[in-house]
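Student: I am new to this structure and would like a close look at a single part of it. Could you take me through one helix and its surroundings?

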Amino acid sequence: MKIERGVVAGMDDYFSKPISKEKLKDKLTDWSEGLESDLIKRNRVNLAIDWEHLHQISDGSEEFEQELLQIFVEDTRNHLKEAQAALLKGDYDAVSRAAHHFKGASANVGLTEMQTIAGKLETDAHAQQLSEAAEMLAELADLLQGVQAFLNQV
């Protein structure tokens, strides 16, 4: 398995003797970048995210995408806590505001599933129908945890 990942990453080269440290260093750098991209690509499959959108807003910079997603996670985690507290109080307006935030922020980074759930939560809160709100907030929390897990792996 590890050998296959190495070959996929381009580790099928050879060196002619004598091997210089500089050539070895350059080749190892190339191979490690290939392995990192392979890991990122495999983990991306697990996220419900519009990668094309995220690539577009980041100009294709994986590092910037990771920064955007980390900022999103930190910010959304705080709003999620606020929404959960508002739900316990029966504060429809506060739940609606938090859902609106989730909807916009998740759309900005291409998290389409979160955007859909947040849109429904916002609509339900406007209609003062919060019977499914706890489940939707739990789904949003799970999806947010998935984004954090992805970020922890890259």
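Tutor: Happily; we will start with the whole chain and then look closely at helix α4 and its surroundings. This is a predicted model, in which local features need pLDDT of at least 70 and side-chain atom pairs count only at pLDDT 80 or more, while totals for chains, interfaces and linings use all residues. Residues are numbered from 1 along each chain as its sequence is written, and side-chain values use heavy atoms, with hydrogens and water left out.

The chain has seven helices and zero strands (helices are DSSP runs of H or I with at least four residues, strands are runs of E with at least two, and both are numbered from the N terminus). Of its 154 residues, 32% are buried, where buried means under 20% relative accessible area, exposed over 50% and partly exposed in between, with a 1.4 Å probe and protein chains only.

Now to α4, which covers residues 62-89. Its 28 residues reach 40 Å from the first C-alpha to the last, close to the 40 Å expected at 1.5 Å a residue (the expected span is 1.5 Å times one less than the number of residues). The buried residues of α4 are E65, L69, F72, V73, T76, H79, L80, A83 and A86. As a help in reading such a list, an α-helix has 3.6 residues a turn, so residues three or four places apart point the same way. Just after α4 comes G90, with a positive phi of about 75°.

Let us stop at H79, which sits in α4. Leaving aside residues up to four places away in sequence, H79 touches A98, H101 and F102 (contact means heavy atoms within 4.5 Å). With H101, the side chain of H79 makes a polar contact of 3.4 Å; this term stands for a pair of N or O atoms within 3.5 Å, where within protein one must be able to donate a hydrogen and the other to accept it, and residues adjacent in sequence count only if both atoms are side-chain atoms. H79 and F102 are 23 residues apart in sequence, yet their C-alpha atoms are 7.8 Å apart in space.

Another buried residue of α4, F72, leads us to S106, since F72 is one of the residues that S106 touches, along with L111, M114 and Q115, again not counting residues up to four places away in sequence. S106 belongs to helix α5 and is buried, with a relative accessible area of 0%. A polar atom of the S106 side chain lies 3.2 Å from the backbone nitrogen of Q115.
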